[in-house]
Amino acid sequence: MSLYRLIYSSQATSDLQPQDLKDILEISVKNNTADGITGLLCYGNGQFLQVLEGDCGQVNETYHRIVGDKRHHSCRLIECLPIKTRDFEVWSMQAITLNDLSTDQVKNLILKYSGFPVLRPESMAPEQCLSFLLDIAKVYQLSDNFFIDL
Ligand code: FAD
């Protein structure tokens, strides 16, 4: 097995509802558990930023399924690299919504890794995307409440 990490960003459709995010998380947990995939999905400012880790073939298959999903568009592959170990092994998938209600800690993290106060993955380099996802995971691992209304 060859372990890979894939990071991409995309633009949510304008009519995305909180229920859509819950549906995405539910199917992701189910499929990813079966496929040995782990990762994190961030949503904010109408943008998704997701990391997937797992077997190269499974990551590839999952990403291609995701790209075809009508709930978002303009998928941009940020990186796809072999890795030695997983960083998000505690989550088959977790969804974090970053919006106006986010705490100062979250706002500061967004600012730390980009030139903007809101999530704009296209303005972040691949290593900034990964560092942001790792830091945000640390913040939310301490909290039980991942969902904030869109
Ligand atoms: P089916 O349920 O058979 O659906 C067939 C097609 O319809 C697929 O193209 C599907 O994408 C699309 N679709 C399904 N429901 C809706 C809906 N409510 N509105 C519009 N189109 C719909 N899946 C994972 O397994 N793992 C992940 O980590 C993961 N992350 C995702 C991240 C994002 C940002 C998005 C938008 C989706 C994600 N998904 C993920 C969901 C994925 O795109 C598929 O919907 C899911 O894997 C089921 O695939 P399927 O072919 O069995 O779909």
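Two short exercises on cysteines and helix 2 follow, each with a worked solution.

This is a predicted model, with local features taken at pLDDT of at least 70, side-chain atom pairs at pLDDT 80 or more, and totals for chains, interfaces and linings from all residues. Residues are numbered from 1 along each chain as its sequence is written, and side-chain values use heavy atoms, without hydrogens and water.

**Exercise 1.** Work out how many disulfides the structure holds, and why Cys56 is not bonded to Cys80.

*Solution.*
1. A disulfide is a pair of cysteine sulfur atoms within 2.5 Å.
2. The closest cysteine sulfur to that of Cys56 is in Cys80, 6.2 Å away, so the gap is too far for a bond.
3. The count is zero disulfides.
4. Check accessibility: buried means under 20% relative accessible area, exposed over 50%, partly exposed in between (1.4 Å probe, protein chains only).
5. Cys56 has 31% relative accessibility, so it counts as partly exposed. Cys80, at 35%, also counts as partly exposed.

**Exercise 2.** Test the span of helix 2, then find which of its residues are buried and what covers them.

*Solution.*
1. Helices (H or I, at least four residues) and strands (E, at least two) are DSSP runs, numbered from the N terminus.
2. The expected span is 1.5 Å times one less than the number of residues.
3. Helix 2 (residues 56–67) has twelve residues, so 16 Å is expected; its end C-alpha atoms are 16 Å apart, which agrees.
4. Val59, Thr62, Tyr63 and Ile66 are buried in helix 2.
5. Their arc around the axis is only 100°, so they lie on the same side of helix 2. The arc is taken from the directions from the helix axis to the C-beta atoms.
6. Their cover, by contact (heavy atoms within 4.5 Å), includes strand 1 (3–12), helix 1 (18–35), strand 3 (47–55) and strand 4 (72–82).
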